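Colleague: Could you take me closely through the surroundings of the ligand in this model, with the cut-offs behind each term?

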Amino acid sequence: MGNRISVEDISFNYPGGAAVFTGITLAVEEGCVYSLLGPNGTGKSTLLKCMAGLISPSQGRVLLDGRDIAGMQPHEIARQIGFVPQTQVSPFPFMVRDIVLMGRASHLGPFATPSAEDEEIAADALDRVGISRLAERPCTGISGGEWQLVLIARAIAQRPGILLLDEPTSHLDLGNQVRVLNVIGGLAEDGMTIVVATHFPDHALLTSNRVAILKDQRILAIGCPEEVIGEDTMRRAYGTDVHIVHLGDPINRRICVPVAGKVIP
Ligand SMILES: Nc1ncnc2c1ncn2[C@@H]1O[C@H](COP(=O)(O)OP(=O)(O)OP(=O)(O)O)[C@@H](O)[C@H]1O
């Protein structure tokens, strides 16, 4: 498997609604971290759900290694694609470790139970996101940020070739944001292809090889992060002024700082 995913000229309407987006085309290569930016409601989650095969585009195709996912069985898609939705808290008090073990489901036969190796993979995934201590806790008794880490651990345990993450750092403290960004970088280095919807341009600058910004039903800008995340494009995307600051040596990074806001002397 080549772990490539692309969308070709896709459009999407929810029933009875206007088009969320039209004519979107993008190609994500193996081992690439691809960030989707854009204001609230511009369709980032909807695009990820189309890519995960959870909903079908009204027009256009989603291709997995060149194959149209419309013709694939759900279990075939689940073996190759992992999806981390925006945090949805389970109403059932499953143990955290059992939720993460559910990530192994696509690797098991219909009536098979998880093996010792599956248990080890789940434990390793919990360790990778730093929440081994929560393994025996019911998921109804953990925080929003902890839930987000559980869902990420479940996707890591799935070991998909392609991982789609919907705002994976939105509930996380600073340390856990960095941890998850490092995990994303490590997975991509191992050849996993990653698409991340995010509201943090800095995270896109830090982790991505490519960025697309959605706005007004279309792609406003697409390309490498240093080109796309510029002051003019950010203003056009979000309607607010930012400075792009180059931190220079030894950090050699760009950060995106909003200009507006109360400045405390
Ligand atoms: N189930 C649904 N039925 C009808 N409309 C929906 C549904 N889900 C989302 N929408 C609408 O589709 C548009 C795109 O929503 P989507 O959640 O994909 O945007 P987003 O860019 O991910 O937003 P955010 O950044 O706020 O999470 C929005 O206008 C939203 O109101």
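Modeller: What follows describes the ligand shell and then one residue linked to it.

This is a predicted model, in which local features need pLDDT of at least 70 and side-chain atom pairs count only at pLDDT 80 or more, while totals for chains, interfaces and linings use all residues. Residues are numbered from 1 along each chain as its sequence is written, and side-chain values use heavy atoms, with hydrogens and water left out.

Around the ligand there are 13 residues, of which Gly-41, Lys-44, Ser-45, Thr-46 and His-199 come nearest; a residue is near if one of its heavy atoms lies within 4 Å. The shell divides into 3 nonpolar, 8 polar and 2 charged residues, where Asp, Glu, Lys and Arg count as charged, Ala, Val, Leu, Ile, Met, Phe, Trp, Tyr, Cys and Pro as nonpolar, and the others, Gly among them, as polar. Helix α1 (residues 44-51) gives the largest share of this shell, 3 residues; helices are DSSP runs of H or I with at least four residues, and strands are E runs of at least two, numbered from the N terminus.

Oxygen atoms of the ligand lie 2.7 Å from a side-chain N or O atom of Lys-44, 3.1 Å from one of Gln-86 and 2.9 Å from a polar side-chain atom of His-199. The protein buries 56% of the 630 Å² that the ligand exposes when taken alone, by the Shrake-Rupley method with a 1.4 Å probe.

Thr-46 also leads to Tyr-14, since the two side chains make a polar contact at 2.8 Å, that is, a pair of N or O atoms within 3.5 Å, one able to donate a hydrogen and the other to accept it. Tyr-14 sits in the loop between β1 (5-13) and β2 (19-28).
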